[in-house]
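Visitor: Got a minute to walk me through this one? I'd like the tour in plain words.

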Amino acid sequence: MGAMSPALTFTDRGIYCAAGDFYIDPWRPVERALITHGHADHARHGHQHYLATHAALPVMRHRLGEITAEGIGFGAPLQIGDATVSFHPAGHVPGSAQIRVEVGGEVWVASGDYKVEADGLSEAFEPQRCHHFITESTFGLPVFRWQPQARVADEINAWWARCAAAGKTAFLGAYALGKAQRLLTLLDPEIGPILTHAAVENTNAVLRGQGLTLPDTIAATAEIDPKAHKGALVLAPPSALGSAWAKKFGAQETAFASGWMQLRGVRRRRAGDRGFVISDHADWNGLLSTIKETGAEHIYVTHGYTDIFARYLTENGWSAEVVPTEFEGETLDAEPAA
Amino acid sequence: MKRFAALFNAIDQSTKTTVKVAALADYFGAAPDTDRMWTIALFSGRRPKRAVTTTKLREWAAEQAGIPLWLFEESYPIVGDLAETIALVLPPVETTSDRSLSDWILFVRSLGDVEEDARKAAILDAWAQLGGTERFVFNKLITGGFRMGVSQKLMTRALAKSTGKPEAELAHRLMGNWHPDDTTWEALIEAEDASADASRPYPFYLAYALEDGPEALGAPDDWRAEWKWDGIRGQLILRDGQHFVWSRGEELMTDRFPELARAVDFLPPGTVLDGELLVWHPRTESPASFNALQRRIGRKTVPKKLLTEAPVVLHAYDLLEWQGEDLRDTPFAERRALLEEACADLPPEAPVRLSPQLDFDDWEDLGEIRSVARDENAEGLMLKRADSPYLVGRKKGDWWKWKLDPLTIDAVMIYAQAGHGRRANLFTDFTFAVWNGNDLVPFTKAYSGLTDSEFREITKWVRKNTLQRFGPVRQVTPHHVFEIAFEGIQASPRHKSGVALRFPRMSRWRQDKPLQEANTLEDLNDMLRIYG
């Protein structure tokens, strides 16, 4: 390894650190994988050794089954070969981290997925000073700007209350890990009972098990009697809305909670009754303010509107480039769960 | 505008017709007269003229948002709607106001009369005080493209609900040449006599397509058959010595077809005919193909030469008013008899012809007549129940169109482009090619016919199989074969393939068909020889 070679490089297996011989969120099986968070496109099957935050590990074990994994606390430095590694809150979902890698005084941060607004559930985002910053750009367009979550919470609760008053069950579609739990903390339990689809409830159980406080929920199993839960809100993955399971609940309205709901076309195409704009990713302003706060001169844009975002950064004085990625779980092509 | 924005949200947030109608009816019950009038006007296509070019709006919006214009332009196709893109990039509101809808429309119309600097200042000021949906609605008003998932039919139903008046009566009242400037809610909706306007047409009765054969319609004796012409549906109104020509889309076309002016010489005032405008070959006494009519469509004034080359006549098939009396409740057979009487003595120079009825003994007989429709330059048959009244809008049961099966060809998708609005971010607009030796020659575009889930599937595929990008257009790997259905074919020197199709759409995604087995240019040329 020459002195000039960068601390992190982009390979067809993912982000690689030669100094420590490890990968970050690799998408092909590797010996040693450092994982930013437990979403399926970042934490994949088949690696020999996993390293993630203590808070991210339970969900990973739940999803990946038997893995050889090690936990690490936020902010604790760890020497791996010639690299010093530490994990810092990314604010995306509980346990999610940015991974800071320092080799010979050169600092890189691989931020995985991140959001800037503190959601009260995930460890709050902490920008890291660095020379090289790897950023997502899922919502890297100026048309994406989020409202404070308290306002979205008011909208959701008002909708739920109206559904309940009209004798309808409110179905809210959201990604089972992260978004669903964040929504749980925003719901007003005074309005009615909160029911959960199995995919959501299983994740709830894992997160409760590691000490997170979530409101009381009732598992909406196949045997549940919908009539016994008047005025309920059912939290489910988007794929479960409109299914035979959901139809059992009779009169209902459906809504989706996702950053993509910012776009009227997407909202109408999903053909739900409502779309609530709430995302676990940084919006346009969040991406830009973060990049400024890192002080980094070199920006690598990995997924989302990469070409457009990198061009904008370049025009504004950064050295920015697009790096290829296989993360695609939360782009508009996929389920709009972000 | 808050009330109107709330209405917009209520409509936009529901896919259920009942909810939309209820929201509109509530609005009509609560809004002031001028706002109600403008709401009716907007939902019936009477929107204010566009006062600012969209080029300027894009520039000003980017400038206000503090982003370069190229970034705005990149965002626009992803959002899929210009008014929405502008609303989303602009900074949050500074102050709020609540001027009424009609007040804002007045504002938009005043923009046409001022210098560009003043226009810009006015728009920036409006943007600064309108937030959320209001800003979006305002942008829709200034860009002139006001469509929001409310058909005129749905609005009429809501008006009926709110006023207690019959839907058919309201539909008639809303037809014709009115404008919020010249009339009032009282005159348009409430007044006893709504027929004062001589130009006012009757709402068109529209037929449903007969999917299977006519056997299920019952006894052939109860039905009358006519050619289904491939022209422009029109209503010719003769009242008070004047004449008016209306399209089905409620467009006044009187000036476009000056030859119809002579109708007043041959038919008495108080006559309203429903029929088809067709280009007519005077020598052969037969209608020309749609291609001939196409030269007349879209021309607001007609040069003399074109008038002699492509003269238009009305093929009348129904009589809606006779001697000033509304005949719509009279059974079709009786209306038809009166129509035949009215047209009996028309000389060849009259711009009106009686559209013939076709004699048939049984359904099988009629099926054979239908099979030669293309020879008559017709696109199939119309079946009308002999005792049916003339209804309003598209109603099942009394009128059916029994069209010929479309022509089809199997073609290869070579370019894809994303749609707008609800279809933004979905690749829905495709260019298709046929083989010419080893080359693929593009010959048509098509953007309808697939289900939403098929569009989602093809969208994923397009993203992974893009060879090259030309702005919003993507060249894709030739791989997928689609069956393209169309209604007609004509020679076109402007197209690389030398042909142009009428109403092309994707009738089937031929996932079973290998690329090499798509049709060829020679096949297309054969079709041109037979049907062109």
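Guide: Sure. In chain B, residues 305-436 are 20% helix and 42% strand, and their end C-alpha atoms lie 38 Å apart. Helices here are DSSP runs of H or I with at least four residues, strands are runs of E with at least two, and both are numbered from the N terminus.

Guide: This is a predicted model, where local features need pLDDT of at least 70, side-chain atom pairs count only at pLDDT 80 or more, and totals for chains, interfaces and linings use all residues. Residues are numbered from 1 along each chain as its sequence is written, with chains lettered from A and ligands numbered from 1 in the order in which they are written.

Visitor: Which UniProt annotation covers residues 305-436 of chain B?

Guide: An unreviewed entry gives "domain: ATP-dependent DNA ligase family profile". Such annotations may be inferred rather than shown by experiment; positions follow the numbering used here, and feature names are shortened.

Visitor: New topic: how many residues of chain A are in contact with chain B?

Guide: 17 of chain A, against 25 of chain B. Contact means C-beta atoms, placed from the backbone, within 7 Å.

Visitor: And which helix of chain A gives the most to that side?

Guide: Helix 6, with 5 residues. Helix 6 (264-270) and helix 8 (306-315) each supply at least two.

Visitor: How is chain B divided?

Guide: Into domain 1 (2-143), domain 2 (205-403) and domain 3 (407-531), with bounds from an automatic or database domain assignment. The C-alpha centres of domains 2 and 3 of chain B lie 34 Å apart, and 4 residues of domain 2 are in contact with 5 of domain 3.

Key
Contact = placed C-beta atoms within 7 Å.
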